[in-house]
Amino acid sequence: MERYPLVVIGAGPAGMAAASVAAEYDLEVLLLDDQASPGGQIYRNVSRASADLRSEILGREYYEGLTQVDEFLRSKINYSPASTVWDIDTERHVCYLRNNRSYQVSAEHLILACGSQERPMPFPGWDLPGVMMAGAAQILLKSQAMLPASEPVLAGSGPLLLLLAAQYLNAGLRVQGIVDTTPKSRYLESIRYLPGAMTAPRPLFKGLSLLKQIRNAGIPLYRGASNLLASGDSQVRQLSFHCAGKRHRIDTQIVLPHQGVVPQLQLVKLAGCELTYLHRQQSWSATVDKYGEGSVENTYIAGDGQQINGAELAVIAGKMSGLQVLRKLEKIDLSTFERRVKPLIKAKNKIEKARRFIDAIFRPSEELNTPSDDTMICRCEEITAGAVREIAKLGCQGPNQVKAFGRCGMGPCQGRFCESTVAALIAEVQDRCISEVGYYRVRPPIKPITLGQLGNAVIES
Amino acid sequence: MFKRITGTETTLIEIFLNDVPVMVPDDINVGAAILLRSSYCRKTVVSGSPRGPFCMMGACFDCFVEINGKMNQQACLQQVEAGMRIGFQVGPANLSAEETC
Amino acid sequence: MIFTDRAPVTFQDALPKSAEVVVIGAGVIGISTAWYLSQAGIKVMVCEKGRVAGEQSSRNWGWVRQQGRDPAELPIMMESNRIWQNLSQAIGADTGFEQHGVMYVGETEADEVAHDNWMALAKSHDLHSERLTSAQITQRVPGFVGNWKSGVCTPSDGRAEPFVVVPAMAKSCRDKGVSIREDCAVRGLLISAGRVSGVATEAGEIRCKTVVCAGGAWSSLFAGINGIVFPQLSVKSTVARTAAAPDFHSGNFACDRIAIRRRQDGGYTIAPAGFNEHEINLDSVRYLRDFLPVMWQEVFASRSLGKTRLRIGSGNPGGLIPKRKVDLDQISPFEKQRVLNPLPNQSTTKRMRRYLSQRLPALAEVPWVEEWAGMIDVTPDIVPVMDQVSEIPGFFLASGFCGHGFGIGPAAGRIMSDMIQGNTIGHDLSRFRFSRFQDGSTLTQGPTI
């Protein structure tokens, strides 16, 4: 088995930063990423996107990713794109699939920078064709230069909805409306974090300018919406919702829901690292020390794959983990380490403080966390919220037992799109806290692999 | 359901969607190619209801299709290639031992 | 369509033990020089640290113009124009060269004076050039918005496709027996008895009596490492190309802010006229005295209030602090960054889009498919060096073409080839001598970058 002093998983802002800093001191780094080009989802395709797309449509923050991607591609890193990691164990053996072949490598130090996925947003009809996560629609724009063929409706809460609506406007496409499910109480709740947000105010100003652009374009914004329902026969035809005491109906072929993102923790769980429930983000996060080291020694988790803090902080976290690895391997001395880490910690504290405001204002609504009984929550096995509530009433203690009782979470996505809802439903029925209810265990392989590929695995170097 | 931004520089290639030859840009993935023509790509195992690509980043597995005779392929993670045969998947996959997950 | 160091290596000829001439740099100047040397049956080795035409030779605007040249450059450029007319045939590949003219238009009295001066210069060289009225300008470029006072056009000027020409010429060179090797940096000169005796490359040494440095933006660093002070700095220029668009003018044309060329693929190459950026590094300080006059003109005194923007940066060859001392056994700065690939400046592209929508609303509608930037090698007097460096006999320098090198490249190659062979050159090269930077001569600036 090939052995590397450092293996990084994920070529988003955190992974690229970690690998680049390690390569600065000539550490041999293997970076595995499942996409064809670096950048992660946030800077997806940035090195290949057309000029119009890059600088006119997607906006400045996306364009700035080019600098990091360029620096990353210039550094001496063993970069392996299109490589899907399907297993990791607690000894840091990493199995991945590339070109139809499985490989196994051993890592002395491992940095997991797997980024985030969208928080599931179950509402009746979200499984209809034509309903697609807003993040997915943005990926189609970034990496495939594709726009909805008819005017879509955006629904949910979070900065991405505003950003996507503005990007569509830049590309000459209007959205029919933004159905904002942010409960009105959130504005009041978040006010006390506003001073903190002013310490790193760039996201705030960015949000305001997006809002202005959307208002100027005359796009309707339905604030405090609830009771979403997508209807249609074999394809969505209409989105209806409550807003300001009225039922609204919008005829549309495309509904793009979104309610923030959550860390992708599959690999973190496989690596044996502990998780902490983060109430203010309503999601699990990887438990880490100051430098991103998890509960398993020499395994680090950086960026949004640890907890959601955005790209800017992901770069800092990636660098800090990279530096800590360098220090442990004695590639840098303590004074160099401290000199380089000090400004990073300072910047980190500032951004974290500002983040509280975003967390508070965009905390998902209770209704979407614990949807009505007829809402399908497990897309793979087609299990409704009502069925999970029934099982929870029987006294199932956690998501794993619910899975065994009713197949919820047993499909190919391994619970990626129902885990948080199932836990919230159990907590609701049994009047417990989600942090006690727990999370799904994961089992390798976490991505499909055939017996043929497994049989051909390259284990010896 | 989706369309390419006008003026995007591209070369068209021929692929087969449910045995029908269609021309698609050569630089997109299978999921995107399907979305140019259709809003769904499979019918579910349990209830047989239609589903389309949902997350576009390999997390949701709702874009399972048959590619060149191999079933259960995530459409959003594979680039199109000339002559590629893509089939919508209806119900459970027929898997040979070679392909078993 | 830019080449970076991630592009596959296409030229990987074996390193010979010896060669008659080693050319450093496979850009338009180096490849043209090798091409003419090989015509004379001379054994040439071209060493390229990155990729053939990886930098400015493929990233330039693709203009082949005589119009607006420095008086000393003009006769050389006229020769080059004649070479271009037969180049496709000579190298057996389509260069995309077409003669649709180059047109400059202006709105001010200063433009009128400049155009008068050009007409006089063209006349003195028997070069046919036309003076255009406002009506003629709008007739030639329909929809071109401006209060045009005057315009000039040289019909024999043309355009070619930069990313095609130099690689095609390189292939033709190889057919004639020239060896070309990419990923092969020359780390330094080997000197014995006071003159060139070879070069040390990353792949080994080559014995030779003659070396031509045609390193573009890198020449100053290479000269410096070999103990020669060559005041040359880099400026970054951002360029874009559009998707295919209707052909509303086939020639190249420029007004005060924007320069436009129709491409063979049906799109247009758009560049900011006279707007660049310079990243300040240690070399900027080293050569400050030489560059003060040109900096004054470009940065502070020009009427558009800053044609060249300054900022501190590490994007230049050799980074923020270019090293002058290197060990020939160690990895050199040339290997650390094989192809300069600066990021296009977004505020420049925004500005270009704005000007375009003011000047040519019809073209502003066409999508842009690619933006890129390149590093232009600039000398204190905005004209190149084509000379033998007297301190090191056998060391020839052909560099500092200040963004005018693509069009003049073939003739510059012919000149360098004859200079090396000791033949008559046929042009007065005194303006391009290397010693002008050292002997206290007053430098007269040529036309703008």
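How many of the 449 residues of chain C count as buried? The share is 62%. Keep in mind as you look around that this is a predicted model.

**Chain C as a whole**

Let's start with the fold of chain C, which is built from 13 helices and 21 strands. Its radius of gyration is 21 Å, close to the 22 Å that the globule rule gives for 449 residues, so chain C is as compact as a globular protein of that length. Taken along the principal axes, a box of roughly 65 × 45 × 45 Å holds the C-alpha atoms of chain C.

Contacts tell a related story. Among the contacts in chain C with a separation of 6 or more, 77% are between residues 24 or more positions apart.

Now for the outside. Chain C exposes about 16600 Å², and 53% of that area comes from carbon and sulfur atoms. Chain C also carries 48 positive and 45 negative charges, and the mean positions of these two sets are 3 Å apart.

**Aromatic pairs**

Next, the rings. Over all chains, the count comes to 23 aromatic pairs. Two of them are set out here.

| Pair | Arrangement | Centre to centre | Angle between planes |
|---|---|---|---|
| A:F417 and B:F54 | edge-to-face | 5.7 Å | 70 degrees |
| C:F230 and C:F437 | tilted | 6.1 Å | 45 degrees |

Where do A:F417 and B:F54 lie? A:F417 is in the loop between α14 (399-406) and α15 (419-430) of chain A, while B:F54 is in the loop between β5 (50-51) and β6 (64-67) of chain B, so this pair joins two chains. Are these two rings buried or exposed? A:F417 is buried, with a relative accessible area of 3%, and B:F54 is buried too, at 1%. Both values fall under the 20% that marks a buried residue.

The second pair, C:F230 and C:F437, stays within chain C and links distant parts of it. You will find C:F230 in the loop between α7 (219-225) and β13 (233-242). Its partner, C:F437, sits in the segment after α13 (405-421), and the two are 207 residues apart. Both C:F230 and C:F437 are buried.

Which residues of chain C do ring pairs link into a cluster? They are C:W218, C:F222, C:F334 and C:F395.

**Looking back**

To recap, chain C has 62% of its residues buried, and 77% of its contacts with a separation of 6 or more join residues 24 or more positions apart. The pair of C:F230 and C:F437 also links distant parts of the chain, whereas the pair of A:F417 and B:F54 joins two chains.

Methods: Residues are numbered from 1 along each chain as its sequence is written. Chains are lettered from A and ligands numbered from 1 in the order in which they are written. This is a predicted model: local features need pLDDT of at least 70, side-chain atom pairs count only at pLDDT 80 or more; totals for chains, interfaces and linings use all residues. Side-chain values use heavy atoms; hydrogens and water are left out. Helices (H or I, at least four residues) and strands (E, at least two) are DSSP runs, numbered from the N terminus. The radius of gyration is taken over C-alpha atoms; the globule rule is 2.2 Å times the number of residues to the power 0.38. Buried means under 20% relative accessible area, exposed over 50%, partly exposed in between (1.4 Å probe, protein chains only). Contact means heavy atoms within 4.5 Å. Accessible areas come from the Shrake-Rupley method with a 1.4 Å probe; for residues, only the protein chains shown count as cover. Lys and Arg count as positive and Asp and Glu as negative; His and the chain ends are not counted. The place of a charge is taken as NZ of Lys, CZ of Arg, CG of Asp or CD of Glu. Rings of Phe, Tyr and Trp (its six-membered ring) pair if their centres lie within 6.5 Å; planes under 30 degrees apart count as stacked, over 60 as edge-to-face and the rest as tilted.
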